[in-house]
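Work through the two exercises below with the coordinates open, and try each task before reading its solution.

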Amino acid sequence: MLVSAKDMLNKAREGKYAVGQFNINNLEWTKAILLTAQENNSPVILGVSEGAGKYMGGYKTIVGMVNGMLEELNITVPVALHLDHGSYEGALKCIEAGFSSVMFDGSHYPIEENIAKTTELVKITSEKGLSLEAEVGSIGGEEDGVVGAGEIADANECKTIADLGVTMLAAGIGNIHGQYPENWKGLAFDALERINEATGTTPLVLHGGTGIPEEMIKKAISLGVAKINVNTECQLAFAKATREYVEAGKDLQGKGFDPRKLLAPGVEAIKATVKEKMELFGSINQA
């Protein structure tokens with residue numbers, strides 16, 4: 001069954017490793033990530049953006065698919081189903097649909113409004129035993145229409161949000177969604193140190209995990225990061241493997257490609273990517 005991310009992230013923070021959040025976009029991606037987590041005895045968080053929610057037929061459809069797979073595939077590792085960069089309204093819909101975790105991205109609001117809306121969601125999620133992620137300082141790039149310039153979060157604002165009782169906190173430290181440009185300055189570890197000190201034991205979240213050098217990932221984990229989001233790297237791996245399969249002309253029998261065979265190389269590419277990240281994050285054999 002789906003679980004809150006609270007226990008897995010508290011254990012990760014204490015154990016100096018991070019749990020990977022891997023975004024899902026269809027049945028194949030979901031199956032690949034769950035099987036990889038099970039094979040490597042790693043807790044995992046399945047991320048769903050609001051755009052992906054619409055694409056997959058709605059939040060209830062996603063909950064039904066994931067719950068069905070947990071049972072049919074005999075998945076026993078901890079799995080949280082998490083709304084990624086959600087609006088206040090989106091968070092409420094996912095809670096109603098049966099998600100075990102939600103993110104409210106209030107980073108684009110004035111801090112007072114971010115606090116007010118986060119406070120309401122803390123109350124709701126606490127009553128239902130769900131986990132809640134909040135954000136301070138928008139993440140660079142674009143995520144479902146929310147555009148961030150890669151801001152550096154204010155440590156005092158982070159403390160204010162953390163003290164509301166959120167499960168985890170995403171704080172902008174120069175990280176961005178998508179691929180990093182050549183002139184990227186890297187993560188602002190001085191800011192992360194201040195945020196970690198200000199927020200106490202609250203697990204911190206690093207968005208934009210694709211393309212961050214290994215040494216930066218490990219240093220971020222040592223400074224309180226317990227959840228790292230990966231999406232772009234899975235997208236690139238899936239697209240490359242599928243394209244190569246098509247260009248090779250395999251399985252073309254006059255009727256077109258067998259969709260199950262067509263998607264299989266992409267699925268294997270995702271599994272390899274997820275395993276590689278779990279090894280880097282240190283979450284293997286932590287379930």
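The expected span of a helix is 1.5 Å times one less than its number of residues. The model used here is predicted.

**Exercise 1.** Compare the expected and actual span of helix α4 (residues 59-72), then determine which of its residues are buried and which are exposed.

Solution. Step one concerns length: at 1.5 Å a residue, the 14 residues of α4 should span 20 Å, and because the C-alpha atoms at its ends lie 20 Å apart, expectation and model agree.

Step two concerns burial, for which the cut-off is under 20% relative accessible area: Tyr-59, Ile-62, Val-63, Met-65, Val-66, Met-69 and Leu-70 are the buried residues of α4. Viewed down the helix axis, these buried residues fall within an arc of 165 degrees, so they line one face of α4. The general background is that an α-helix has 3.6 residues a turn, so residues three or four places apart point the same way.

Step three turns to the surroundings: the buried residues of α4 are covered by elements including α2 (27-39), β2 (44-49), α3 (50-55), β3 (79-86) and α5 (88-97), whereas Lys-60, Glu-71 and Glu-72, on the other side of α4, are exposed. After the helix comes Asn-74, with a positive phi near 55 degrees.

**Exercise 2.** Establish whether Val-274 is buried or exposed, and identify the residues that it touches.

Solution. Begin by placing Val-274 in helix α11 (residues 259-281); its relative accessible area is 0%, so Val-274 is buried. Leaving aside residues up to four places away in sequence, Val-274 touches Phe-22, Ile-33, Thr-36 and Cys-234. Finally, the C-alpha atoms of Val-274 and Glu-233 are separated by 9.2 Å, although these residues are 41 residues apart along the chain.

Methods: Residues numbered from 1 in each chain as written. Predicted model: local features only at pLDDT ≥ 70, side-chain atom pairs only at ≥ 80, totals over all residues. Heavy atoms only, no water. Helix = DSSP H or I, 4+ residues; strand = E, 2+ residues; numbered from the N terminus. Buried < 20%, exposed > 50% of the residue type's maximum accessible area, 1.4 Å probe, protein only. Arc of directions from axis to C-beta. Contact = heavy atoms within 4.5 Å.
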